[in-house]
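Student: I would like a close look at the cysteines in this protein, and in particular at whether they are paired or unpaired. Could you take me through that part slowly and then place it in the wider fold?

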Amino acid sequence: MQLETQKVYYHRSGTAFSPAVFASQLMQLTEQYFISNPDMPIFFLCIGSDRVLGDTLGPVIGYKLEKILSYPFRVFGTLSTPVHALNLCPTLVRLSALHHSPLTIAIDASVGRKESVGCITLSNRSIRPGTGVSKTLPKIGQISITGIVSEECFDISSRLQNIRLGLIMELADSICSGIQTFQEMLRF
């Protein structure tokens, strides 16, 4: 079996964001899964806490996605039922009980270089939530979407308390519009 080359796409959120380009790239990343199983459900696992502003990106996106997505999509991790470090492993067990091999797209906030704050990544690789705050959690998803909410620094925990809500909402709006466009592309 040939290993697929890792792909990472970068997008600037806000007015520069193109939902159509994002959706096309997401379509390319998901194609291989649909070839082998056209009826495969897609789970969006939106990771984060509703108690730390810099970590709310996942739950905010989950909250928005559950209002706009329909089958074959399922959303896990919202503002009312967040998926975070304390309940991630039991959630993964629950997801595997729902379907033996869904396509899981993991969504989370991340940290990066100062000039990358406000960027979105879309990749065909798993993510390891909590890495930015020195937590050891399992790898999640076959595909990942991250929003870079802060630059890396020695005291990231306190930095995440002071992220602008406007940045979180801009990233969430962009990612949700890209996913909604992806859903529309799948219908045709």
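Tutor: In this predicted model, Cys119 is a buried residue, its relative accessible area being 10%. Cys176 is likewise classed as buried, at a relative accessibility of 6%. A search through the whole structure returns zero disulfides, and Cys119 accordingly takes part in none, with the nearest cysteine sulfur, belonging to Cys176, lying 17 Å away. For Cys176 the closest cysteine sulfur is that of Cys46, and because the two sulfurs are 7.7 Å apart, they are too far from each other for a bond; the cut-off applied to such a pair is 2.5 Å.

Turning to the chain around these residues, strand S2 covers 42–46, and the loop that runs from this strand to helix H2 (57–68) contains Ser49. Ser49 is buried, with a relative accessible area of 13%, and its side chain reaches the backbone nitrogen of Arg51 at 3.0 Å. Leaving aside residues up to four places away in sequence, Ser49 touches Asp55, Thr56, Pro59 and His84.

As for the wider fold, the protein chain has five helices and six strands, which follow one another from the N terminus as β-α-β-α-β-α-β-β-β-α-α. The radius of gyration is 15 Å, close to the 16 Å that the globule rule gives for 188 residues, so the chain is as compact as a globular protein of that length. Of those 188 residues, 48% are buried, and among contacts between residues at least 6 apart in sequence, 72% join residues at least 24 apart.

Technical notes. Residues numbered from 1 in each chain as written. Predicted model: local features only at pLDDT ≥ 70, side-chain atom pairs only at ≥ 80, totals over all residues. Heavy atoms only, no water. Buried < 20%, exposed > 50% of the residue type's maximum accessible area, 1.4 Å probe, protein only. Helix = DSSP H or I, 4+ residues; strand = E, 2+ residues; numbered from the N terminus. Polar contact = N/O pair within 3.5 Å; in protein donor to acceptor, adjacent residues only side chain to side chain. Contact = heavy atoms within 4.5 Å. Rg over C-alpha atoms; globule rule 2.2 N^0.38 Å.
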